[in-house]
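Work through the exercises below with the sequence and the coordinates open. Each task is followed by a solution in steps.

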Amino acid sequence: MIGRSTLINHPSGVEIETPVLVPSFSSKGFSFNKKNLSEATTALKLSKEFLTECLLVSAYDLSHKHIPYTEEYLCTEITFIDSGGYETSDIYDISATVKYSHPIKKWTIDKYEEIIGRWPKHKAGIIVSYDHGTERHSLEDQITSAEDIFRKHPEFLNDFLIKPESDKSLFVDINKILPNVKLMGSFSIIGLTEKELGNSILQRMQHIYKVRQALDHVENKAPIHIFGSLDPVTSILYFLAGAEIFDGLTWLKYAYYQGAAIYQSNYGALNNDLGINIRDARVKSESIVKNIYYLDKMKYIMKNFVNTQDFKEFDELGEGMGDFFKKAYKKFTSNL
């Protein structure tokens, strides 16, 4: 069977059915106002009434008040609490077009745990293993550190993010991960960062597939979470390779239109409800809201595909998308 759907039970009683597409918010790559609030906060204000299922926010941003730490903003049924590795690194996700430079503020595991400790008990949260952009550790140490922090906070689901072991490598060592998946049996979700999975979409798909097969071999059903991938093309390609959870900032930077992520200004020009005379600010706000609905549509198309195994399901995203994904999947399998 191509593609997966898994039912995960949160300790709070909330059920999570994959695939899950997670809109993310981060101060990185966005400007700040005079009150030290990230531009991402403006996007969160705009979209919070339309977000219901899930979102991802960085504990680093909550700690440094770049994004308000209030229930008004953390408004979804489930919240992924990222550990700050992205904000404290000098790397950007693949979709980044503007790279604002801001000093990295102090960030430690104690500060991360302080944010987790303040989390409202009635809000279902998923915590990601601690990561700092300037630190690198062996896979064994990453596993031990994650187990320690997750053990202290059983009220959360946990998400173990695998990182490169050395700052000399841009990518995770897939040959080190595969024989060690048996050590990951206590984790609810296994995470990998898109940019650190390989140097092409095909290689990243191959690595996702290998990790999924290795997990299945030891009867570990934990879904794979791809950090930094949230668009109508790569998210579905990685889904076909075996991943089930996807998050990213693409939805804030681009507009989803007919199966692709395009410049927001182009979306305004092509959209019959807008046009070339509409101000950029309105086009941006319209595209953000429409992207939320598009992601919801994507999720149900992916779930339908799990049941039907029919690539024509993807034609709902745009004309010819079913054939595109079918051909891409065939190329992928021919290179396994």
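The exercises cover salt bridges, helix packing and burial in this predicted model.

**Exercise 1. Find the partner of Arg4 in a salt bridge and say which parts of the chain the pair ties together.**

Step 1. The criterion is a side-chain nitrogen of Lys or Arg within 4 Å of a carboxyl oxygen of Asp or Glu. Asp216 meets it, with 2.2 Å between the closest N and O atoms of Arg4 and Asp216.

Step 2. Locate both residues. Arg4 lies in the segment before strand 1 (7-9) and Asp216 in helix 6 (residues 201-217), so the salt bridge ties together parts 212 residues apart in sequence.

Step 3. Check the exposure of Arg4. Its relative accessible area is 26%. Buried requires under 20% and exposed over 50%, so this value falls in between, and Arg4 is partly exposed.

Step 4. Extend the search to a network. Salt bridges link Arg4, Arg212, Asp216 and Glu244. The structure holds 15 salt bridges.

**Exercise 2. Describe the salt bridges that Lys163 forms with Asp131 and with Glu196.**

Step 1. Take Asp131. Its side chain meets that of Lys163 in a salt bridge with an N to O distance of 3.7 Å. Asp131 is in the loop between strand 6 (124-128) and helix 4 (139-152), while Lys163 is in the loop between strand 7 (157-162) and helix 5 (174-177); the two are 32 residues apart.

Step 2. Take Glu196. The N to O distance of its salt bridge with Lys163 is 2.9 Å. Glu196 lies in the loop between strand 8 (189-193) and helix 6, and Lys163 in the loop between strand 7 and helix 5, so this pair ties together parts 33 residues apart in sequence.

Step 3. Assign burial. Asp131 and Lys163 are buried, and Glu196 is buried as well.

**Exercise 3. Characterise the packing of helix 7 (residues 234-241) against helix 11 (residues 321-334).**

Step 1. Two packed helices are described by the angle between their axes and the distance between the axes. For helix 7 and helix 11, the axes come within 11 Å and cross at roughly 45°.

Step 2. Classify the angle. Roughly parallel requires under 35 degrees and roughly perpendicular 65 to 115; helix 7 and helix 11 are therefore oblique to each other. The crossing is right-handed.

Step 3. List the contact. Helix 7 contributes Ile236, Leu237, Leu240 and Ala241, and helix 11 contributes Phe325, Ala328, Tyr329 and Phe332. By class these are 8 nonpolar, no polar and no charged residues.

**Exercise 4. Repeat the analysis for helix 1 (residues 39-47) and helix 10 (residues 280-308).**

Step 1. The axes of helix 1 and helix 10 are 10 Å apart, at an angle of about 60°. The two helices are therefore oblique to each other, and their crossing is right-handed.

Step 2. From helix 1, Glu39, Ala43, Leu46 and Ser47 meet Lys284, Ser285, Ile288, Val289 and Ile292 of helix 10. The contact comprises 5 nonpolar, 2 polar and 2 charged residues.

**Exercise 5. How many residues of helix 7 are buried, and against which elements do they pack?**

Step 1. Of the 8 residues of helix 7, 8 are buried, so the helix is largely enclosed by the rest of the structure. Among them are Thr234, Ser235, Tyr238 and Phe239.

Step 2. The buried residues pack against helix 6, strand 9 (224-227), strand 10 (245-248), helix 10 and helix 11.

Step 3. Inspect the end of the helix. Gly242, just after helix 7, has a positive phi of about 130°.

Definitions and conventions: Residues are numbered from 1 along each chain as its sequence is written. This is a predicted model: local features need pLDDT of at least 70, side-chain atom pairs count only at pLDDT 80 or more; totals for chains, interfaces and linings use all residues. Side-chain values use heavy atoms; hydrogens and water are left out. Helices (H or I, at least four residues) and strands (E, at least two) are DSSP runs, numbered from the N terminus. Buried means under 20% relative accessible area, exposed over 50%, partly exposed in between (1.4 Å probe, protein chains only). Axes are lines fitted to C-alpha atoms, for helices over the stretch in contact, and angles run from 0 to 180 degrees between N-to-C directions. Angles under 35 degrees count as roughly parallel, over 145 as roughly antiparallel, 65 to 115 as roughly perpendicular and the rest as oblique. A crossing is left-handed if the near helix is turned anticlockwise from the far one by less than a right angle, and right-handed if clockwise. Contact means heavy atoms within 4.5 Å. Ala, Val, Leu, Ile, Met, Phe, Trp, Tyr, Cys and Pro count as nonpolar, Asp, Glu, Lys and Arg as charged, and the others, Gly among them, as polar.
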